[in-house]
Amino acid sequence: MYEEIFELINKGEINKAQEQIEKISDDDPKKYNLKGLIHFNKKELEKAKEQFEKGLTINPVDPDLLFNYGYLLKEMNQEMEAWRYLMRIHDKDWATYDLLGDIEFKNRSKLASLRFYLKAAQQTDNPQMKKKFLEIRNKIKKDTKIAFLCLPGLDNFLKDIVETFSLGYDVKLVVSTDANEITQAIKWADIVWLEWANDLAIFATNKVPEIANKKVICRLHGYEAFNVNVLKKINWNFIDRMIFVADHVREDAYESCPQIKNVPYTMVYNGINLDKFVFNKRAKGKRICFSGHVNYKKNPMLIIQILEKLLKIDGEYRIDWIGDHQDIRIRKYLNYILKDMKIEDKFTFHDWTNDINSWLEDKNYFLSTSIHEGYGVAIMEAMARGIKPIIHNFYAARGFYPDELIYNTIDEAVEKITEESYYSESYRRFIEDNYTLEEQINALETALNTLEKVNKKINKKVAEDLKDSFLDYMIPKFIEFTPYTDKYIDSFDFEGSKIRIGKVEKITDEISLIEFIVKNKKGQQLALQNIWYNHSTKQITFPNYISLSKNKKIIQNFVYQILESRLSYIGNMFRFPGSKKYWEERYKTGGNSGHGSYGKLAEFKAEVINSFVKEKRIKSIVELGCGDGNQVSLFDFPKYTGLDVSETAVNLCRERFMKDKTKSFFLYNPEEVESNKSLFKAELSLSLDVIYHLVEDLQFDLYMKNLFLSAEKFVIVYSSNTDKNPEGTPPHIKYRRFTDWIEKNSPEWELFRKIKNKYPQESLSDFFIFCRRQKGLNNH
């Protein structure tokens with residue numbers, strides 16, 4: 001009958017078709033499909049929509065109704081609604097996948113659209129469909145090489161992502177513990193994706209030098225967030241972007257390992273492949289399930305208590321749990337308690353299967369008893385199938401899932417299982433609206449595009465020439481706040497130059513940092529900083545301002561002179577000609593550096609700042625350039641955050657103030673303060689003896705911008721107001737340059753106090769300046 005009606009409609013014999021349609025039973029969804037088609041052919045789209053919807057209330061997965069309704073919605077410019085219903089078709093043909101590809105391509109992710117176009121091409125011999133797929137793929141595809149790295153058994157969340165990205169990038173998936181295989185993949189790649197912040201990430205960032213030249217993503221799930229020992233062994237300097245699966249996971253990870261805060265991040269929620277998890281309308285029943293590892297985090301003892309109470313209501317309830325046991329003590333307890341309660345026949349553990357979609361087919365409820373989840377992907381999979389989830393109020397569950405599905409107590413769980421409300425379509429819709437694979441791919445592709453634009457400042461010689469020490473590969477990540485460029489070094493007159501003072505500092509048994517000052521015949525001095533030497537390989541590594549200079553050979557000869565002398569270390573430091581007196585003098589006077597100040601001058605600075613903090617009742621302070629913490633120990637602050645470009649300095653501070661919970665320290669990346677400004681925001685922003693070293697305009701502008709960006713109410717700067725700089729230090733920046741910058745770039749700030757240094761040195765005129773945000777003006 002249906003074919004006859006279709007034939008009548010196609011011939012335009014609408015009246016005859018309608019007569020035949022009226023003979024069909026009212027509870028047959030095809031009746032409304034045919035009525036909808038007639039209205040659609042008459043261009044009566046709203047009436048067609050009404051008929052299709054009537055049919056879907058009877059059978060929400062009728063393939064003809066879903067396709068026609070989806071096509072209609074697309075014609076009515078409701079394309080993402082069309083996508084929703086087309087995705088609910090169980091056995092999609094090539095035309096459905098083609099339509100899905102068109103919608104995806106136009107509205108969301110071009111990369112994800114290739115999944116649909118490929119399936120369409122695979123399901124038809126139509127050469128035009130294959131041509132369409134290839135043309136779009138060639139248009140989208142990039143030459144970028146991505147290596148996805150994962151330990152065995154942990155790639156469940158990665159497979160669909162890799163499959164999709166392989167359509168638009170050159171991709172390798174390495175699921176292995178083999179060090180050589182992992183190393184070769186890193187060498188091959190442009191972008192390295194570390195799935196999980198675990199032992200593989202430790203190995204890749206500490207043992208594979210080539211990673212220094214790669215752009216690196218690390219995706220952190222819920223499991224690793226509390227593993228402090230593992231997180232702290234990862235070299236976060238080599239991670240260029242974090243992918244977090246949830247906000248609470250990010251917060252937990254930051255608490256466990258504050259260094260992660262220095263890494264830019266993108267929040268990308270987990271996504272469900274709705275093409276794999278098919279929707280069916282379901283109803284109340286007695287089959288309860290859970291899928292996932294059996295461990296303390298999943299709280300299996302609670303699920304037994306809920307089952308026991310359900311069985312008192314109805315003896316037909318039963319629970320099926322699929323997943324492997326990870327703790328022998330919990331396994332023994334569960335077997336014992338189920339037997340002792342005489343309900344072992346109502347609770348069955350199953351071995352894991354890769355076909356969760358089929359395993360869920362006859363289940364009515366998904367009962368989660370977890371105390372913590374990164375997100376709860378298993379819950380989402382069940383909802384995608386239309387199964388009602390009953391979700392224990394795990395940490396951060398509210399906000400993820402609808403409140404009406406969340407319980408706190410055993411009684412609440414039982415009530416939600418036995419109540420009448422059961423709405424399969426709403427559970428599926430929740431996933432469609434929030435957590436699809438396509439939305440996840442779209443977000444991940446955006447993160448990769450951002451990563452590809454990052455200009456990674458890497459000294460490639462380090463990775464090539466230094467092979468054995470972890471620190472060797474960290475060196476290129478140091479951000480040099482040197483005032484010099486290669487052009488400045490080129491212009492310096494080295495005639496008659498001699499080393500005046502200097503030091504060789506042993507960072508490890510193999511690696512030393514060399515810094516020294518030379519003085520020429522004219523009395524001009526030049527401070528040469530951040531020169532690294534590997535005692536094992538005899539390799540000198542220069543920063544760019546030296547390596548690019550025409551005077552590199554001259555400087556190299558100075559370094560050889562230093563290294564050829566007898567190095568007598570006191571502790572880890574060797575100081576040479578003239579430096580003993582110089583350092584002693586700086587110790588007595590307090591020097592001119594907030595990073596390592598001692599003596600009366602340091603006490604004077606602390607006295608001024610502590611008084612101001614007390615006067616204004618300031619509760620939080622951030623300092624841009626905290627150094628190694630010598631002066632920080634003199635501060636009396638309620639809450640202090642120190643930032644510095646030197647990881648060595650930051651680590652010294654963390655060790656020094658380990659027991660002081662009021663102080664925290666982070667590596668300062670000038671380029672990334674704005675994107676992480678909420679982490680470094682404080683009432684008072686502090687700068688001590690930093691700005692006069694920033695000779696280059698770009699350095700100065702960026703530092704000043706970050707200084708004021710970090711401050712909510714006040715900024716304090718200690719600096720110099722002289723053209724003449726102390727012996728062996730870079731040229732200083734005058735007070736006027738600072739005030740001009742504020743006037744031009746931050747008009748909402750005003751200078752309201754100035755205090756001179758009461759212990760002036762012969763060549764210095766140091767001062768404090770205090771700025772405050774003017775009332776009534778918004779942030780600049």
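Reader: What percentage of the 780 residues in the chain do buried residues make up?

Author: This is a predicted model, and in it buried residues account for 54% of the 780 residues in the chain. The outer face can be described by area as well, since the chain exposes about 35600 Å², with carbon and sulfur atoms supplying 47% of that area.

Reader: How many helices and strands are there in the chain, and what share of the contacts with a separation of 6 or more joins residues 24 or more positions apart?

Author: The chain contains 32 helices and 24 strands. Of the contacts with a separation of 6 or more, 68% are between residues 24 or more positions apart.

Reader: Let us turn to one sheet. In what order do its 6 strands stand, and what is the sense of the pairing?

Author: To read a sheet, one follows the strands from one edge to the other. Here the order is E2-E1-E3-E4-E5-E6, the pairing is parallel, and the sheet is open. Its edge strands are E2 (170–175) and E6 (265–267), each of which pairs on one side only. On average, and with direction ignored, neighbouring strands of this sheet are turned by 20 degrees against each other.

Reader: Over how many bridges do strand E1 and strand E3 pair, and which residue in E3 stands opposite Ile146?

Author: Strand E1, residues 145–150, and strand E3, residues 191–195, pair in the parallel sense over 4 bridges, and the residue that stands opposite Ile146 is Ile191 in E3.

Reader: Which strands does helix H12 lie across, and at what angle does it run to E3?

Author: Helix H12, which covers residues 199–207, lies across E1 and E3, and its direction is at about 150 degrees to that of E3.

Reader: How many disulfides does the structure hold?

Author: In general, a disulfide is a covalent bond between the sulfur atoms of two cysteines. This structure holds 0 disulfides. As for individual cysteines, Cys150 is buried, with a relative accessible area of 0%, and Cys289 likewise counts as buried at 0% relative accessibility.

Reader: Is Asp98 buried or exposed, and which residues does it touch beyond those up to four places away in sequence?

Author: The step from a number to a class needs a cut-off, and buried means under 20% relative accessible area. Asp98 has a relative accessible area of 15%, and therefore it is buried. Asp98 lies in helix H7, residues 94–107, and, leaving aside residues up to four places away in sequence, Asp98 touches Tyr117, Ala120, Met129 and Lys132.

Technical notes:
Residues numbered from 1 in each chain as written. Predicted model: local features only at pLDDT ≥ 70, side-chain atom pairs only at ≥ 80, totals over all residues. Heavy atoms only, no water. Pairing = 2+ DSSP bridges. Helix = DSSP H or I, 4+ residues; strand = E, 2+ residues; numbered from the N terminus. Axes fitted to C-alpha atoms, helices over the stretch in contact; angles between N-to-C directions. Contact = heavy atoms within 4.5 Å. Buried < 20%, exposed > 50% of the residue type's maximum accessible area, 1.4 Å probe, protein only. Areas by Shrake-Rupley, 256 points an atom, 1.4 Å probe, with all protein chains shown as cover. Disulfide = S-S within 2.5 Å.
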